[in-house]
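The following report describes the strand arrangement, the disulfide, the nonpolar core and the overall dimensions of one protein model.

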Amino acid sequence: EVQLVESGGDMVQPGGSLRLTCRTSGFDFDTALMTWVRQAPGKGPEWVSTIGFNTYITNYADSVKGRFTASRDNALKTVYLQMNALKPEDTALYYCRTGGRDNKIFVRGQGTQVTVSS
């Protein structure tokens, strides 16, 4: 069974940092593209980042470029999202999912809530 479990969400002040973790099991993680997506209240899903088979291949949405960094540990079957200089507009439910940005079939985790507020 494919499982993805996110953690690390919290409430932080603007300018703060958080590190999200997505632990996975049940599939061939080493060769899998992994994607972070966020969904703010009342809005549709927004692609955040996709990381390739190794940390050197990453893509980011313009809204987070330069502030967020995705990484992975293939030995631990885990992906991370380091988020710096957080803004109120980053407030959302963040979840990881299998596959690349345009995959129509994927498995996702339940998500972790990030709230940026003063």
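## The six-stranded sheet

In this predicted model, six strands form an open sheet of mixed pairing, in the order β2-β10-β9-β4-β5-β6. Strands β2 (11-12) and β6 (58-60) occupy the edges; each has a single partner strand, so one side of each lacks a neighbour in the sheet.

At one edge, β2 and β10 run parallel and are joined by 2 bridges, with V12 having V116 of β10 as its bridge partner. Strand β10 in turn runs antiparallel to β9, and 3 bridges join the two; here L93 stands opposite Q113 in β10. At the other edge, β5 (residues 46-51) pairs with β6 in the antiparallel sense over 3 bridges, and S49 has Y60 in β6 as its bridge partner.

The two faces of β10 differ in cover: T112, V114 and V116 make up the covered face, whereas Q113 and T115 make up the uncovered one.

## Pairing of β1 and β3

Strands β1 and β3 pair in the antiparallel sense over 5 bridges. Within this pairing, Q3 has S25 of β3 as its bridge partner.

The side chains of β1 (residues 3-7) alternate along the strand. L4 and E6 point to one face and are buried, while Q3, V5 and S7 point to the other face and are not buried.

## The disulfide

The model contains 1 disulfide, which joins C22 to C96 with an S to S distance of 1.8 Å. The torsion about this S-S bond is about 60 degrees, so the disulfide is right-handed. Since C22 belongs to strand β3 (residues 18-25) and C96 to strand β9 (residues 92-98), the pair ties together parts that are 74 residues apart in sequence.

Both cysteines fall under the 20% cut-off for burial: C22 has a relative accessibility of 0%, and C96 has a relative accessible area of 1%.

## The nonpolar core

Nonpolar side chains in soluble globular proteins tend to be buried together. In this model, the largest nonpolar core has 28 residues, of which M34, W36, F68, V79, L81, M83 and Y94 touch the most other members. Two or more residues of this core come from each of β3, β4 (34-39), β5, β7 (68-73), β8 (78-83), β9 and β10 (112-116).

Which residues does W36 touch, not counting residues up to four places away in sequence? They are E6, L20, T21, C22, W47, V48, S49, V79, Y80, L81, Y95 and C96. Both cysteines of the disulfide, C22 and C96, are therefore among the residues that W36 touches, with C22 buried at 0% relative accessibility.

## Overall composition and dimensions

The secondary structure of the protein chain comprises 0 helices and 10 strands, giving the pattern β-β-β-β-β-β-β-β-β-β along the sequence. Among contacts with a separation of 6 or more, 51% involve residues 24 or more positions apart.

For 118 residues, a compact globule would have a radius of gyration near 13 Å, and the value for the protein chain, 13 Å, agrees. The C-alpha trace spans about 40 × 30 × 25 Å along its principal axes. Of the 118 residues in the protein chain, 43% are buried. The protein chain exposes about 6,200 Å², of which carbon and sulfur atoms supply 51%.

Terms used: Residues are numbered from 1 along each chain as its sequence is written. This is a predicted model: local features need pLDDT of at least 70, side-chain atom pairs count only at pLDDT 80 or more; totals for chains, interfaces and linings use all residues. Side-chain values use heavy atoms; hydrogens and water are left out. A disulfide is a pair of cysteine sulfur atoms within 2.5 Å. Helices (H or I, at least four residues) and strands (E, at least two) are DSSP runs, numbered from the N terminus. Buried means under 20% relative accessible area, exposed over 50%, partly exposed in between (1.4 Å probe, protein chains only). Two strands pair if DSSP finds at least two bridges between them. A nonpolar core is a set of buried Ala, Val, Leu, Ile, Met, Phe, Trp, Tyr and Cys residues joined through side-chain atoms within 4.5 Å. Contact means heavy atoms within 4.5 Å. The radius of gyration is taken over C-alpha atoms; the globule rule is 2.2 Å times the number of residues to the power 0.38. Accessible areas come from the Shrake-Rupley method with a 1.4 Å probe; for residues, only the protein chains shown count as cover.
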